[in-house]
Structure formats: C-alpha cells, structure tokens
Amino acid sequence: MTQGALTEVGLIMTTTDSASGWCYEKQESVKISVMVDWKIDDIVFVEWNSPMGILFAFLTSLIILIVIMLLMFTFKMRNNPWFKAINPLFVQVMMIGSLIGLSSVYFWIGEPNKVRCNGRVWFASIGFGLMFSTLLVKNYRIFKIMKNISTQNQKLVTELSVTPFIIVCVLIEFIILIIWISINPLEDKLIGDKSYLNKNQNEKSCDGDNLLLWLLLLFIFNGILLIIGCYLAFILRKVHDRLNESRLIGLSIYNITLTSLVIIPLELFAEISPNVKLILIGIGTYSVFCAVIVALMVPIMMNLFSKDNASSKNTFEITGSGNVSGSNSKKSHSIG
C-alpha cells in the first residue's frame, strides 16, 4: 500500500559572497512530502462483528440464558418430590459450574490479549472442576446409599458429608491455575507462516512458556476425575431409574471424555484457522457443559409434566428427609 508521509529533511545551503569571494554554509530544516511504499500486515483473529463471532456470541448467550432459567426453576421446585430425587442443591451447583464454563467461549472472540488468553483457561477449568466434581459427589452418594441398603447399613449419607470433595477439587484447580499464571502467564503473540494465512497476514493467538506442561497438569487432574466418573457410571447403570439417572449421566460422561480426547489435541496441534478453532471450541464447550444438565433435567421435566405423574410419584419417592419408599416395598431406608 503506497502512502504519503511528511518528512523533515536537513539541508546544507552554500552561498558565495560576490564581493569578497568567501563561501558561506547555512544549515536549514525543511519539510517535504515524499511518497513511500510499505505493506501493512493483516492481523487475523475472530472479531466480534464477524459472522462467526456473532454466531457463537449469540449461541453462548442463548444457552447461558436457558441454564439460568433452569437454575431458577430448580430452586423454585426444590421441594417437589421429583426434584428432591435428583438432589437439587447438587444440580444447582452443577448449573453454576456450567455457566462459568460456557462463559469461556466469549474469551475466544475478539482480539487476543493477556486477559482473554488467561480467561480461556480459567473459566473452562474452574467451570469443569465445579460441575464435574459435584456430579461425582452426587453419583458417589448414590453408590454409598445403594451399598448401605444392600448391606442393611443404617449409616446416613448426607449431602454435607460428601461436600468437602467438591471444595478440594475446585481448590486444586485454583492452585494449579494460580501457580501457572504466576510463573508462565499466557500472552498474545503474532504468528505467521501458516498454510491458511496469506503472504502478509499474521495470526494473533495465545501462547506461553511451558504451555504443554501446565495443560498436562490440568489434564492429569481432570482425567482422574473422568476415570472415576466413568467407573461410577458403569457400576450404577442398573440402579433404579427414579433414584438415579445414571444411564444418561453415564452417556454424558462418556461424551465428555470423547470430546476432550478429540477436540483438545486438534486445538493444540492441528494447523487450523481461528474460525475453525472457534467452531471446535464452541462445539466442545457446549457438548461438555450442556450434556450433564440435559441428562439431569430432561427426565425430570418429562416425569413432572407427564399424565401419570401422580401414580408414578406414589410408586417411588425420595422424601426430603432422605427416605426411599415404595408402595410395594415392605420397608424404607434412611439415606439423607
């Protein structure tokens, strides 16, 4: 691109005195306009006003709005027997984790900077840790309840007794992230020489020292949570459907595992454009943070509004005090 520039040039003027024959030099500064030729690099990233940026900002906002409405609905219906059966407090915590994780998509839109780069990791990690550790605790509590029932053990398994596990998991996520950002924070960086870039284009992306090492630490910790989740989903697959939505939750856990194994390596190692990267990140984020919420809420909503709701509720119910009772069973067992 050819541009005009106003440049100040120093000139030395030489004059000769005709009478004496002496020569005099005088330095003056003059400003002249010269035409120069340079190329302005095109910085590539997903802009907010681009079609892809608008699409994913809209989808993310819509999904977040739906989750907020479900959160409010779950709180309102917390004393309903159907909602008591899914431990509404745990479900609400999972929804909060889902909201945090979904918000990470926003950090992939707009020109990368230090805040956006680190926000991507922070929101995704904290959201996943909060949601998935709560899911594990929920399933572990059901596992202990059914084990106590089978062994005639009257020991109570309360929500409070398993809550410290959630706190520890989220705390570990925080510690890893704080150490990471203190030692090797992510920063924006211009990258060229990519197959999808034109000659004079540079991609602005996020990078940092020892990036793979820090990601590996997070993957190892969250991978352990996934393995435990898969194990609990497998051993709870035959539990009574009204007490445990384990089949759907199990499918969502397997979905999270497969999504992580496919999308994360693609994002890290494949040579893909920012738009394609946003598509992968968006699909993966929606899949991970929505699957569990859908698995929990859809069966309950279907039972809540079904025509045989009353008869089904009388057949099997979990009371707020933690009693599992059935119309055909001869005994009840305290679980709360």
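A residue counts as buried when its relative accessible area is under 20%, as exposed when that value is over 50%, and as partly exposed in between. Keep this cut-off at hand for the exercises below, which all use a predicted model.

**Exercise 1. Decide whether F132 is buried or exposed, and find what surrounds it.**

Solution. Start by locating the residue: F132 sits in helix α4, which covers residues 114-150. Next, take its relative accessible area, which is 0%. Because this value is under 20%, F132 is buried. Now look for its partners, setting aside neighbours within four places in sequence: F132 touches L225, L226, G229, I253 and I256. Finally, compare sequence and space for one more residue: F289 is 157 residues away from F132 along the chain, yet their C-alpha atoms are 9.3 Å apart.

**Exercise 2. Work out how the length of helix α6 compares with its expected span, and list its buried residues.**

Solution. Helix α6 runs over residues 211-235, 25 residues in total. From its first C-alpha to its last it reaches 36 Å, close to the 36 Å expected at 1.5 Å a residue. Then go through the side that is hidden from solvent: the buried residues are L211, W214, L215, L218, F221, N222, L225, L226, G229, L232 and A233. To read the spacing in such a list, recall that an α-helix has 3.6 residues a turn, so residues three or four places apart point the same way. As a link back to Exercise 1, L225, L226 and G229 are among the contacts of F132.

**Exercise 3. Find what is unusual about the backbone of N210, and classify its accessibility.**

Solution. N210 belongs to the loop between β5 (201-207) and α6. Its phi is positive, about 55°, although N210 is not a glycine. For background, most residues other than glycine have a negative phi. As for accessibility, N210 is partly exposed because its value of 45% falls between the two cut-offs.

**Exercise 4. Classify S50 as buried or exposed, and name the backbone oxygen beside its side chain.**

Solution. S50 is in the loop between β3 (42-44) and α1 (51-76). Its relative accessibility is 18%, so S50 counts as buried. A polar atom of its side chain lies 2.6 Å from the backbone oxygen of E47.

**Exercise 5. Judge where the predictor is confident.**

Solution. Begin with the whole chain: the mean pLDDT is 76, and 70% of the residues score at least 70. Then go element by element: α1 has the highest mean, 94, while strand β8 (residues 333-334) has the lowest, 38. Last, note that pLDDT stays under 50 over residues 310-336.

Key. Residues are numbered from 1 along each chain as its sequence is written. This is a predicted model: local features need pLDDT of at least 70, side-chain atom pairs count only at pLDDT 80 or more; totals for chains, interfaces and linings use all residues. Side-chain values use heavy atoms; hydrogens and water are left out. Helices (H or I, at least four residues) and strands (E, at least two) are DSSP runs, numbered from the N terminus. Buried means under 20% relative accessible area, exposed over 50%, partly exposed in between (1.4 Å probe, protein chains only). Contact means heavy atoms within 4.5 Å. A polar contact is a pair of N or O atoms within 3.5 Å; within protein, one must be able to donate a hydrogen and the other to accept it, and residues adjacent in sequence count only if both atoms are side-chain atoms. pLDDT is the predictor's confidence in each residue, from 0 to 100. The expected span of a helix is 1.5 Å times one less than its number of residues.
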